[in-house]
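Welcome to this short tour. Please take a moment with the sequence and the model, and then read on for a walk through some of the main features.

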Amino acid sequence: PQTTPLTGKNVIVTAGGTRERIDPVRFITNDSSGKMGYAIAEEMAQRGADVTLISAPTKLAPPAGVAMVDVLTTEDLADAVTSAFKQADILVMAAAVADFKPISSADQKIKKSADNDEMTIKLTKTADILKRVAQMKRPGQLTVGFAAETQNLLDNAQKKLISKQLDLLIANDVSKPGVGFNGDTNQVTILQPDQAPIKTTLADKHVIAKQVVDQISQRVQKEG
Ligand code: PMT
């Protein structure tokens, strides 16, 4: 196969929605199907990268030529990412990470009873994985985040680019039809600290993955 700027690079991609347990039969999660992250992992592998895909539960088959690490909770994902990041050249966080989890998970199935018409589940903040990674980041390591927004897309995305010290941020307006969670298509704006935003058209997630990986590849080439 042809050599590319990504050949032999150690790349970590995350995908899917993390799960936070309420009790043995119930959990909190989100609509992520994993399709966006899996498409990026596949594209990276096709360009010769050495890819580890850290995946929360999905219904997808593992992409060819990619090493899989399966996780459930945000804490599992944080542990897997921070441990793999030490050896990584590039991290792409496409996973939809729970921002909050139940303060505790019940050992037994929670029962309804005649006297409780309402119940409250108390939540606590989870670790921000990309912020943790920012503190470990060495020169030459590239970090790529996503921003799933339903309003003020570019403003909110710009803030995440800076606060999480990212090299690229892929912003998707998930309130638009065909964009973001679950479906086969996406439309994104790629932000970089030193470049004008690049807006893609609405296209299959594999096409979007190519465009995202093109930008990552160009940065690797520039910085290498
Ligand atoms: O999986 P699909 O169905 O294909 O859908 C794709 C997608 C919508 C999930 C994907 O395109 C996407 O936007 N992924 C990121 C979803 C998300 O968690 O966005 P956020 O704006 O809440 O988080 C911003 C960034 O910080 C993300 O890179 C996220 O992975 C990361 N994060 C978030 C919370 C947390 N505790 N730690 C993190 O590192």
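In UniProt, an unreviewed entry places the feature "binding site" at Asp99, Lys109, Phe146, Lys160 and Lys164. These positions span 66 residues in sequence, and the farthest two C-alpha atoms are 37.7 Å apart, so they do not all gather at one spot. Keep in mind that what you see is a predicted model. The mean pLDDT of the chain is 96, and 100% of its residues reach 70 or more. For the complex, the predictor gives an ipTM of 0.99 and a pTM of 0.97.

Let us look at two of the annotated lysines. Lys160 is found in helix α4, which covers residues 153-163, while Lys164 has its place in the loop between α4 and β10. Lys160 counts as partly exposed because it has 17 C-beta neighbours inside 10 Å. Lys164 is partly exposed too, with 19 other C-beta atoms within 10 Å; a residue needs 20 or more to be buried. Leaving aside neighbours within four places in sequence, Lys160 is in contact with Gly145, Ala147 and Leu169. With that same limit, Lys164 is in contact with Leu130, Lys131, Ala134 and Gly145.

Now to the sheet. Its eight strands form an open sheet in the order β5-β4-β1-β6-β9-β10-β12-β13, with mixed pairing. At the edges stand β5 (67-70) and β13 (195-199), each with a single partner strand, so one side of each is left without a neighbour in the sheet. On average, neighbouring strands are turned by 15 degrees against each other, direction ignored.

Three of the strand pairs are set out here, each with one pair of facing residues.

| Strand pair | Sense | Bridges | Facing residues |
|---|---|---|---|
| β1 (residues 10-15) and β4 | parallel | six | Ile12 and Thr52 |
| β4 and β5 | parallel | four | Ser55 and Asp70 |
| β10 (residues 168-173) and β12 (residues 189-192) | antiparallel | three | Ile170 and Ile190 |

Strand β4 (residues 50-55) deserves a second look. Five of its six residues are buried, so this strand is largely enclosed by the rest of the structure.

What about the inside? In soluble globular proteins, nonpolar side chains tend to be buried together. Here the largest nonpolar core has 53 residues, and those with the most contacts inside it are Val13, Ile40, Met44, Leu91, Met93, Ala94 and Ile170. Helix α1 (residues 35-46) gives the most to this core, with seven residues. Which residues does Ile40 contact, leaving aside its neighbours within four places in sequence? They are Val13, Val92, Ala94, Ala209, Val212 and Val213. Two of these contacts, Val13 and Ala94, also appear in the list of residues with the most contacts inside the core. Ile170, also named in that list, is the residue that stands opposite Ile190 in β12.

A last stop is Phe181, which lies in the loop between β10 and β11 (185-186). With 16 C-beta neighbours inside 10 Å, Phe181 counts as partly exposed. Its C-alpha atom and that of Gly17 are separated by 9.9 Å, although the two residues are 164 apart along the chain. Leaving aside neighbours within four places in sequence, Phe181 is in contact with Asp31, Ser32 and Val174.

Methods. Residues are numbered from 1 along each chain as its sequence is written. This is a predicted model: local features need pLDDT of at least 70, side-chain atom pairs count only at pLDDT 80 or more; totals for chains, interfaces and linings use all residues. A nonpolar core is a set of buried Ala, Val, Leu, Ile, Met, Phe, Trp, Tyr and Cys residues joined through C-beta atoms within 7 Å. A residue is buried if 20 or more other C-beta atoms lie within 10 Å of its own, exposed if 12 or fewer, and partly exposed in between; C-beta atoms are placed from the backbone. Two residues are in contact if their C-beta atoms, placed from the backbone, lie within 7 Å. Two strands pair if DSSP finds at least two bridges between them. Axes are lines fitted to C-alpha atoms, for helices over the stretch in contact, and angles run from 0 to 180 degrees between N-to-C directions. UniProt positions are given in the numbering used here, feature names are shortened, and annotations may be inferred rather than shown by experiment. pLDDT is the predictor's confidence in each residue, from 0 to 100.
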